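Let's take a quick tour of this structure. Have a look at it below, and then we'll walk through a few of its parts.

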Amino acid sequence: MRLYILFSFLLLAVICSCLVDTSQVKFGPLCSGNSSNRKRGCDTKYGCGNYGASRDGGKRKHEGLDIVCADGATVYAPFDVKLNGKAVPYKKNNAINDGINLSGEGLCFKLFYVKPVSYSGTLKKGQKIGTLLPMQKVYPGITSHVHVQMCDRSDPTKYF
């Protein structure tokens, strides 16, 4: 009986979360020094920051959106969020191989190149998530940025 009640509750939670209208969701400022969430353009050596941009000579596509952020800058919660654990962009470790899984406003997304204050808990809009890691150590000359990637790998641009 307990299992049935638990299953029913979980099913109801999933159904309710699917009914959330995300069409009006907009990210608040992500990074100190970039209150307008300016997107990274193109770097000669490293490509462009838009969703779908070519990577590795056309072998793959960029699966996120890059928002300009200086190395060491504070990264903020764009709206009320739940912190859902660590997310890493690379298989091999390096100075920027950190990030966090988040959810809020009916969205599930990841922020890469961020050292979070915590990997769990909740934050209100505008509270500090963490600090941008030193991108220049790994990609000298790139426009430093936070990489925003939806959990389902869809295009996050409409939320900015």
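## A word on burial

A residue is called buried when its relative accessible area is under 20%, exposed when over 50%, and partly exposed in between, using a 1.4 Å probe and protein chains only. Asp43 comes out at 12% relative accessibility, so Asp43 counts as buried.

Asp43 sits in strand β1, which covers residues 42-43. Strands here are DSSP runs of E with at least two residues, numbered from the N terminus. Setting aside residues up to four places away in sequence, Asp43 touches Gly141, Ile142 and Thr143, where contact means heavy atoms within 4.5 Å.

## How far to trust it

This is a predicted model, in which local features need pLDDT of at least 70 and side-chain atom pairs count only at pLDDT 80 or more, while totals for chains, interfaces and linings use all residues. Residues are numbered from 1 along each chain as its sequence is written, and side-chain values use heavy atoms, with hydrogens and water left out.

pLDDT is the predictor's confidence in each residue, from 0 to 100. The chain has a mean pLDDT of 90, with 88% of its residues at 70 or more. Over residues 1-16, though, pLDDT stays under 50, and the model has 0 contacts for them beyond four places in sequence.

## A three-strand sheet

One open sheet has 3 strands in the order β6-β12-β10, with antiparallel pairing; two strands pair if DSSP finds at least two bridges between them. β6 (74-76) and β10 (114-116) stand at the edges with a single partner strand each, so one side of each has no neighbour in the sheet.

β10 is joined to β12 (residues 128-132) by 3 bridges, and the two run antiparallel. Val114 has Leu132 in β12 as its bridge partner.

How values were computed:
Helix = DSSP H or I, 4+ residues; strand = E, 2+ residues; numbered from the N terminus.
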